[in-house]
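This report describes the fold, one helix and the nonpolar cores of a single chain. The sequence and structure are shown first.

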Amino acid sequence: ERIEGDLIRRLDGHLLEARRMADLARQRSGSDVLAVNTQLLWLAALIGASGVGLVVAGAIVVRRWFIAPIAALHAGTREFAGGKLDHRISVSTGDELGALGDALNCMASSLCVSQTKYRSLFENQRDAIIIVDGDGVVCECRDADTPVIATDPRTVIGRRLLDGWSEWRRGNYDWEELTRRVAIGRERVRALGVVLPREAAE
């Protein structure tokens with residue numbers, strides 16, 4: 001019995017030690033899990049913040065390299081279309097958009113030179129000139145050194161050709177047909193031998 005009691009005491013001690021070790025392991029395991037979970041939460045927050053940062057940085061890059069140059073090109077072409085040929089587009093991306101901006105600026109410079117030459121030729125021409133669009137509406141008008149048109153250009157610009165000079169309907173030339181041939185058929189025509197009614201020539 002004494003051996004048996006000794007053995008039971010020893011077994012109880014071992015069991016208590018094992019239990020204490022198991023409790024300690026459980027506590028350590030719980031704190032390890034909590035530490036791992038905390039680390040995972042921090043990692044997830046860091047990845048989320050990095051993702052937001054990348055999205056913002058990407059938006060800035062897209063805006064700087066694509067949207068802003070395209071907006072500048074669009075604004076520049078609107079200026080050119082409005083007749084401001086001295087406007088210059090500033091796109092310094094060094095890529096295809098920059099090359100397009102340079103090409104548009106070069107085109108505007110060429111148009112400006114052409115427009116100056118056209119205006120000089122138009123103003124210094126000795127013959128009467130009437131420029132009409134495809135619908136027969138007068139766009140520009142200049143009388144000759146010897147008045148032929150006999151009308152103030154400001155009164156006919158923006159009106160149809162034969163509304164500005166209704167007496168020309170009685171002449172020997174079909175002006176509306178001439179306008180159609182030039183505007184639609186792209187013919188080059190010089191009206192020679194045209195007899196204007198007497199009141200148009202005075």
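Among contacts in the chain between residues at least 6 apart in sequence, what percentage join residues at least 24 apart? In this predicted model, the share is 32%.

## Overall architecture

The chain contains 6 helices and 2 strands, arranged along the sequence in the order α-α-β-β-α-α-α-α. Of its 202 residues, 17% count as buried. The exposed area of the chain is about 15,200 Å², and 60% of this area is supplied by carbon and sulfur atoms.

## Helix H2

Helix H2 comprises 29 residues, from 96 to 124. At 1.5 Å a residue, a span of 42 Å is expected, and the end C-alpha atoms are indeed 42 Å apart, so the two values agree.

The N-terminal end of H2 is capped by Asp95, which places a side-chain oxygen 3.1 Å from the backbone nitrogen of Leu97. Leu97 is itself one of the buried residues of H2, together with Gly98, Gly101, Leu104, Asn105, Ala108 and Phe122.

## Nonpolar cores

The largest nonpolar core has 9 residues: Val138, Cys141, Ile149, Val156, Leu161, Leu162, Trp165, Trp175 and Leu178. Strand S2 (138-142), helix H4 (161-164) and helix H5 (175-183) each give two or more residues to this core. Apart from it lies another core, of 8 residues, which includes Leu73, Val91, Leu97 and Leu104.

Within the largest core, Cys141 has contacts beyond its neighbours within four places in sequence, namely with Phe122, Ile129, Ile130, Ile149, Pro153, Val156, Ile157 and Trp165. Phe122, one of these partners, is a buried residue of H2.

How values were computed
Residues are numbered from 1 along each chain as its sequence is written. This is a predicted model: local features need pLDDT of at least 70, side-chain atom pairs count only at pLDDT 80 or more; totals for chains, interfaces and linings use all residues. Side-chain values use heavy atoms; hydrogens and water are left out. Helices (H or I, at least four residues) and strands (E, at least two) are DSSP runs, numbered from the N terminus. The expected span of a helix is 1.5 Å times one less than its number of residues. Buried means under 20% relative accessible area, exposed over 50%, partly exposed in between (1.4 Å probe, protein chains only). A polar contact is a pair of N or O atoms within 3.5 Å; within protein, one must be able to donate a hydrogen and the other to accept it, and residues adjacent in sequence count only if both atoms are side-chain atoms. Contact means heavy atoms within 4.5 Å. Accessible areas come from the Shrake-Rupley method with a 1.4 Å probe; for residues, only the protein chains shown count as cover. A nonpolar core is a set of buried Ala, Val, Leu, Ile, Met, Phe, Trp, Tyr and Cys residues joined through side-chain atoms within 4.5 Å.
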